[in-house]
Amino acid sequence: RGVLRRGMTVEGLRQFIIAQGSSRSVVLMEWDKIWAINKKVIDPVAPRYTAVDASKNIQIKVLNVNESSMQVAKHPKNSEVGDKTIWIAPTLIVDEIDAVEFKANENVTFINWGNLTINEIVKEKDKIVQIVAKPNIEDKNYKKTLKITWLADTKKAPLIPVVCYYFDHIISKAILGKEEDFKQYIGHETKFKIEMLGEPELALVKKSDIIQLQRKGFFICDQPYVPPNKYSFKTSPLVLIYIPDGHSKGLPADLVGLGKKDMSATIKNSVDLVKEFKNQEQKVNNLLTEKKDTAERKMEVAKLVSLRENCEVALVQGWNPAEIKVEDDKSKIVNDLLINIASIGDKIRKLKADKADKNVIQENVKILLELKTTYKATTGEEWKPGLTVSDNNVINKVSEVDVIKEPLDSKELSMKITEVGNKIRNLKADKVEKAVIDDEVKCLLKLKADYKSLTGTDWKPDATPKVKSIDKNLSEVNELLAQITEVGNKIRALKAEKSDKNLIDEEVKILLQLKANYKNITGRDWTPNLNVKKSEENELKTTDASTMSHKIKCQGDKVRVLKASKVEKAAIDAEVKILLALKADFKSCTGKDWVPEHNTVKVKQEKAESIENKTELNSDVAALVIKIKDHGNIVRVMKSNNTNKEELNEAIGKLLQLKSEYKSLTGQDFPSEGKAQSKKSKGNNDDLNKKAQPPKVKTPKQENKVENETTLKKITRLGLEAKKEENLSDWYSQVITKSELIEYYDVSGCYILRPWSFAIWESIRDFMDVKIKKMGVKNCYFPIFVSKAVLEKEKTHIADFAPEVAWVTKSGDSDLAEPIAIRPTSETVMYPAYAKWIQSYRDLPIKLNQWNNVVRWEFKHPQPFLRTREFLWQEGHTAFATYEEAEVEVYTALDLYAAVYTDLLAVPVVKGRKTEKEKFAGGVFTLTVEAYISASGRAIQGGTSHHLGQNFSRMFEIIFEDPVTQEKKYVFQNSWGLTTRTIGVLIMIHADNQGLVLPPQVASVQVVIIPCGITTSLKESDKEQLLDVCNKTCKMLKENNIRCEFDERDNYSPGWKFNHWELKGVPVRVEIGPKDMQQQQIVAVRRDNGQKLTIPTNNIIYVIKKLLDTIQSDLLAKATAELKQHMIVCKNWNTFCQHLDMKNILLSPFCGNIDCEGKIKDESAKNDPDVDTNAPSMGAKSLCIPFEQPAKITTEDKCIHPACTAKPQYYCLFGRSY
């Protein structure tokens, strides 16, 4: 679908496939081949049209010419393509890129007309402003003339706006090597837009038509031209997408820069151009450092930009920067590049903050990317945000070799080896190109060779000096450390306060400079641990083993805390290095490795104290354990005796409080008895009574292991893994699949309705069928197919459905004589039959309804039930002799839909009338019921009832003879429909994080019975008796019209069954166990709130029926409260969007104007061009004009849109919707 939209043809694809043959080989190739084949298919048949650049064009004044038109072929080599009309006028328009090639007194061939002689070229500051020409049509010599395309500027044939889109490859390199990372070749600009003016004939181009703009290439129509709207007077331009032809490399010249041909003439010497550009760049950099907004600076910047354009033109003509040798100091070049990168980066950030034009931002981004590319070519490394002009590593890698050549002692060489080694590891971790890593490895090997030649031994990791001695002034170093700490703290404070970024950047520059000074003095990089050291010299001379051991212990604790907190690996590695250095210092001081058992007197004292504390703790824990056990026994006895609920809750609360005290003392939860205890723990009670010892404390590793094992055992995919309030989309998908409502199908947008969901639809159908038959409506069925001629009869009606109509074009391998549509709705299917059946007033009224499926091939993101390509519905179509009869039925049908939602689905709705903008196409007015979904803050249309007036009867000639006047009159018609979307509304409103919640009225199973307490210790006779009781209970409920199911599966535990039926949303779960059987009772659990009820067996029917009614009313009450809470009266535009973002729907005064409604929707949308039109940040659309108005419109009320001056007519309900 994607390549077809870009202009690929099916025939082109077919020929490409045939060209590949039947080989199984995997072939890598560029796109050029497939596009070249495609060009051969479209070139002979694509009509030719003309367009010129809308912003870069020149007017030509033609002497002695009058306005006239002429017919020319659309394709010079294929007359079957047809003819078109072109216009000639005294004023012509040509592209500026062509005009610069004109020369005075020479002929230019104007395609499709003939030769014109250029008399005069008028210029201002070397820019062409006008050209004067005269016709020379008699001269038929076209061999050596310049050929151009042109358009006539005339009011008789106004030009139409055209927007051309060009797309570049997302990955800029044609073929990637195995070691290359594709990320290095993305991020550049790939979408380009050029606005043009097209000839009037382009207005006839239809969507998906392939055409050729002469001298510009092939294009496919993505959106046809739409004339000015009669309400908004806005024009929709013709949108074209460029089709690659497989030959031309890169993008069209228009995108590289118009006027490149004449500019190239001024370029004489590439080397001189580069030198001039670099000198000018340095001059601008110097002016930028002064930070003065002077006229001189602006002039110099303009000159630099001009030079840059010349460089780009030279680059297009084959100029390679690598071949231009400019003698310059390498470090100076790198520093200049860094300054320019920083400057352009700041400029881009400022432009984004000021919400500048997107094209301006993109131009600057291009410049920035080019600077970074130049930086990489110069230094061999990618530019990174942390680099500054003072960093030593920004100079080319050659400088690394230069450093090696300087005479170094063994310590300095060892440090250098460690530094380069770390650098290689970082490069590998970042997956840098292999060539870069290889260069660093060569450098490392040379350093190690130098070390061996100097010391006579191979370099080893432990040869690295721990801390380089500082022979410089110690006070100067300490002062630098203090300054670094101070500035670092200042930056952190600024970031915490969310200060201005420029202010933070200034402080960061100061910090980087201080760190660079520190490195120059000490010979090594500053690290965070240096801040806490009073002096490195004192640390190096520390010989106290006990002090060093304590530091090692503290540092070890720090590392463990970081690991437990899952801090970034780089931070942990830095602390580990410090720990290893401390251990090495300990070894050099004591002559032996540090081990944890190296205890000092202080450690022994701590151990003694801990033993004393443990003894005291044991006695406290022992007493507490006894209390908990005693109280636990009391609670169990109370439960078995069915003690009063309030007393039981009080006892349980006290038990929980005791367990909380146990946890605060031991740091662990109180161990529960039974299965949780291991076999080895037998006799623990005796041990506790004798020794009163707390449980052994596990090590972190043991705890993690136990926790992981427990977690793995408990993991099940039965329940929902997404939460409604966190990820509504994933939650919805899991609810509909895990509750067995939907099964996905291999045709996108089509779904299998499983019995659980189809039963809901059957409940709705049964409820409605009785009601509509009472209205005198009869059921029928009409075919699913519609002929093209009939479908297009009512153009206004079909306009809304046209993009969604699915067509059948083939029968087997044969093409149908005429495409046949699959019904998107049935007006055009049914009404031709109505015209036959209705002849007299005696044939009226006619009231028919059909339960069927329709297909609307939507391209929006499909959502089961809410937006699908095929769905089930009922559609009623009626015809009456008078308007009054028809009007009464429209309101009756709407009341029926409202009853479906409130009485069956327990969903509150707002009844109202659609605005003129939102009403049904081809109808007089539309009534609707709107529901509200609090989870997304969006409304959803629940069902509609349309009064069609006489619009369709006039179109299909549905006429009857008036009994009084004997005149022929057109009937008045209605249509009304309700779809399976109702099921989606039910799910979104009632379901929760445990699964589906079904209102009892539509639940196919209202009560599920689950036997409990069946264990291996239960006697077989008791088990059979329990199952018999469950069966009898189920049968009794069914006999009393309660839909019930007995889950007697023996391969699942009761807990699993609880979750399963809770996920499916069954309103009531009945649990029956051996004790319940003995006490002649059952336990009922409500799905909607989890409440448990104990019901005597002799009163089951009455209580269950009453409970189901209560659940139904409670669900409706809860949803109604949410609707009222979020339906707000708003008269102020300033708070309109705020309320909208708080997931509200708004009642606001509204004038009813279509234009005004469009503005409200556009201006209330969040300012994000990439957002989906149906996402939560879409604009507010009118939902309906509620029948129940919140108040009367007064003279003081104004339309909600601030720019609207019209008087409001009513309160309209606005909101985001599905």
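**Exercise 1. A salt bridge in detail**

Identify the residue with which K1057 forms a salt bridge, and state how far apart the closest N and O atoms are.

*Solution.* Step 1: the partner of K1057 is D1047, and the closest N and O atoms of the salt bridge are 3.9 Å apart. Step 2: K1057 belongs to helix α32 and D1047 to the loop between β32 and α32, so the pair ties together parts that are ten residues apart in sequence. Step 3: the criterion is a side-chain nitrogen of Lys or Arg within 4 Å of a carboxyl oxygen of Asp or Glu. Helices (H or I, at least four residues) and strands (E, at least two) are DSSP runs, numbered from the N terminus. Step 4: K1057 and D1047 are both buried, where buried means under 20% relative accessible area, exposed over 50%, and partly exposed in between (1.4 Å probe, protein chains only). Step 5: a network of salt bridges links D1047, R1049 and K1057.

The model is predicted: local features need pLDDT of at least 70, side-chain atom pairs count only at pLDDT 80 or more, and totals for chains, interfaces and linings use all residues. Residues are numbered from 1 along each chain as its sequence is written, and side-chain values use heavy atoms, with hydrogens and water left out.

**Exercise 2. Further salt bridges**

State how many salt bridges the rule yields, and classify R1069 as buried or exposed.

*Solution.* Step 1: the count comes to 29 salt bridges. Step 2: one pair consists of R1069 and E1071, whose side chains meet at 2.9 Å, N to O. R1069 is buried at a relative accessible area of 13%, and E1071 is buried at 10%. Step 3: K919 forms a salt bridge with E916, with the closest N and O atoms 3.1 Å apart. K919 counts as partly exposed at 22% relative accessibility, and E916 is also partly exposed, with a relative accessible area of 43%. Step 4: as a general background, side chains of opposite charge can pair when their charged atoms come close.

**Exercise 3. The largest nonpolar core**

Determine which residues of the largest nonpolar core touch the most other members, and which element gives the most to this core.

*Solution.* Step 1: a nonpolar core is a set of buried Ala, Val, Leu, Ile, Met, Phe, Trp, Tyr and Cys residues joined through side-chain atoms within 4.5 Å. Step 2: the largest such core has 66 residues, of which W731, L741, I764, M768 and I987 touch the most other members. Step 3: the elements that each supply at least two residues include α23 (728-738), α24 (755-774), α28 (883-904), β26 (925-933) and α30 (981-990). Step 4: α28 gives the most, with ten residues. Step 5: helix α28 also holds L896, which is buried at 7% relative accessibility. The C-alpha atoms of L896 and G943 are separated by 9.9 Å, although the two residues are 47 apart along the chain. Step 6: in soluble globular proteins, nonpolar side chains tend to be buried together.

**Exercise 4. A nonpolar surface patch**

Establish which residues make the nonpolar surface patch of about 410 Å², and where I170 is placed.

*Solution.* Step 1: patches are made of residues with over 30% relative accessible area and no salt bridge; like charges are joined within 9 Å, and nonpolar side chains (Val, Leu, Ile, Met, Phe, Trp, Tyr) within 5 Å. Accessible areas come from the Shrake-Rupley method with a 1.4 Å probe; for residues, only the protein chains shown count as cover. Step 2: the members of this patch are I170, I171, L176, F182 and I186. Step 3: I170 is in the loop between β12 (160-167) and β13 (191-198), and it counts as exposed at 62% relative accessibility.

**Exercise 5. Backbone exceptions**

State which peptide bond ending at P845 is cis, and what phi E957 and N1041 have.

*Solution.* Step 1: the reference is that most residues other than glycine have a negative phi, and most peptide bonds are trans. Step 2: the bond from L844 to P845 is cis, with omega near -10 degrees; P845 lies in the loop between α27 (827-837) and β23 (846-855). Step 3: E957, not a glycine, has a positive phi of about 55 degrees and sits in the loop between α29 (951-956) and β28 (959-961). E957 is partly exposed, at 42%. Step 4: N1041 has a positive phi near 60 degrees, lies in the loop between α31 (1020-1039) and β32 (1044-1046), and is exposed at 68%.
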